[in-house]
Amino acid sequence: MLSDCLLNNFRITSQIGSGAYGLVFHVVDILTNREYAVKTVFKSSSMDEFYNKNGLNNNSQVARTTLLQTQLYHFFKSFQKKLFLPLVDLDSILQLTENELNRLPHYREIAFQLKVQSHGNIVKIHQVLESSIATFIVMDYYDRDLFTSIVDHKHFINDGVLIKKVFLQLCSALDHCHRLGIYHCDIKPENVLLDRNDNAYLCDFGLSTKSKYLAPNVCVGSSYYMAPERILYCLNTTTNGIHVDECCSSLPTDTGDIWSLGIILINLTCIRNPWLKAHQKEDNTFHHFANDNNVLKKILPLSNELFAVLTKILQLNPYTRIDMKTLMSEVSSLTSFTKEGPLSQVPILSSEVYMTHIIRNENLFLDDLSHFAADQEQDQEQEQVQEQVPEEEQEQEEDVEPESDIPSTYNSDGSMEKYEYTNNHNNNTFLSSSMDSTPYQSDIDDVGAFKDCKLQQDTLRNRLLCLQMNFSTFTDGPNEKWLPDY
Ligand SMILES: Nc1ncnc2c1ncn2[C@@H]1O[C@H](COP(=O)(O)OP(=O)(O)OP(=O)(O)O)[C@@H](O)[C@H]1O
């Protein structure tokens, strides 16, 4: 079992995650007793060799995970379960040129994360260990991700201040990345970890890029969270009253991340996803939203205030989306997230609290903070004016919402589901969810890994059922993961 294995001074205790090209383990430093996470990124050349040697199809996620586990197990076994690996100098990784990164693609993720990790809300890499089959990335360990926290623990259901804190920390981390020219491109709750004090940490820079602009329809990210221009860029359309330039040959990358933040804000406040895919032809809900964004208010219990902010985030035209600074300021000033329930009244954050949430950046750009106080004063003034509007008038305004032919969906306990993805560097189109994969069959005595894998599948099945019930009218297929083709 891998859990008995030693990697330098780290004892592997359990597997905590798996992705397309890697496995993530919980480890304990036997010298200090400190916990860490070790992400094992397999070298694609070693993977291809392994698949070819065994005549295997590498498209199924479960089969892939099993193979990665098997390969790693045999590797450890051949060294009596104790691997002593050389450390790679982190500064040299930062110095790698574009050509070198092309030759060592699995170092791109590490280089980008190292570049931005001075921010207090980004997971820190401590060591990188090199072996013939894989690179081991030793990082800080956090025992919860935002997805589990929202869906399984219902941690945010009563706590608007906590929603603001986590969301602002995430915005702050992402803003830092953008300023340093790194665009994450896979913002989703599974890639945000939480510590015991509910501080957020951004992880998984596996799809990140330095490209400030991407061509339309370059699919990168996870489908629920992916901006429409990454999926189906509609040429020559007028959407939400805005004309989208038909001649656009490249679109900004940062605003794609902003779109994903909007979906996370919906996850945090409503425990729902608005659609499966921002694809007008393949997703009914999104199609209706694209024609009339009031649909959001029909399918989600949003307050008018939150709806107004979401409208600015979820602009189909990437050039008209709200910028990060304004987004942060507006969210901190919201007084409600939902129409009713515990999130219908949320305190405005004071400038001191706001600062504590966003100042976790060792290289803080202080001049950029001055906007906040001014913006907030303005917002408060506007709120006072709004408060004077009689309630009846506001109700009337709500009543005149245009009717939509979309059935309301937010009457069940609708949790989001979680898919396992498969990546395939030779094929950047659809890849299956682990639900469609062949069942796990181990030819090694790795009982622990078997248990982990089964559990993951069962959880996925439950979540899929949940999804089918909630989105029976909107189901368009699984959350797909797409690979960049820069
Ligand atoms: N530092 C960490 N501490 C705790 N858990 C972690 C850590 N890093 C990753 N994980 C867990 O492992 C999972 C997979 O990690 P990560 O997303 O980095 O791998 P990946 O191979 O890129 O996966 P995917 O293909 O799904 O994006 C995460 O969703 C998270 O649950």
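**Notebook: cysteines, helix 13 and Thr-338**

I looked for disulfides first and found that the structure, which is a predicted model, holds zero of them. To see why Cys-219 stays unpaired, I looked up its closest cysteine sulfur, which belongs to Cys-185 and lies 12 Å away, too far for a bond, since a disulfide needs the two sulfur atoms within 2.5 Å. I also noted how covered the cysteines are: Cys-219 is buried, at a relative accessible area of 16%, and Cys-270 counts as buried too, because its relative accessibility is 3%.

Next I turned to helix 13, which runs over residues 324-333, and I asked myself how many of its ten residues are buried. I found eight, so I wrote the helix down as mostly covered. Among the buried residues I listed Met-324, Leu-327, Met-328 and Val-331, along with Glu-330. At the N-terminal end of this helix I found a cap, formed by Asp-323, whose side-chain oxygen lies 3.2 Å from the backbone nitrogen of Lys-325.

I then moved on to Thr-338, which sits in the loop that connects helix 13 to helix 14 (351-358). Is Thr-338 buried or exposed? I recorded it as buried, because its relative accessibility is 6%, and buried means under 20%. Leaving aside residues up to four places away in sequence, I saw that Thr-338 touches Thr-269, Pro-301, Leu-302, Ser-303, Leu-343 and Ser-344. With Ser-344 there is also a polar contact, in which the side chain of Thr-338 reaches the backbone nitrogen of Ser-344 at 3.4 Å.

Terms used
Residues are numbered from 1 along each chain as its sequence is written. This is a predicted model: local features need pLDDT of at least 70, side-chain atom pairs count only at pLDDT 80 or more; totals for chains, interfaces and linings use all residues. Side-chain values use heavy atoms; hydrogens and water are left out. Helices (H or I, at least four residues) and strands (E, at least two) are DSSP runs, numbered from the N terminus. Buried means under 20% relative accessible area, exposed over 50%, partly exposed in between (1.4 Å probe, protein chains only). A polar contact is a pair of N or O atoms within 3.5 Å; within protein, one must be able to donate a hydrogen and the other to accept it, and residues adjacent in sequence count only if both atoms are side-chain atoms. Contact means heavy atoms within 4.5 Å.
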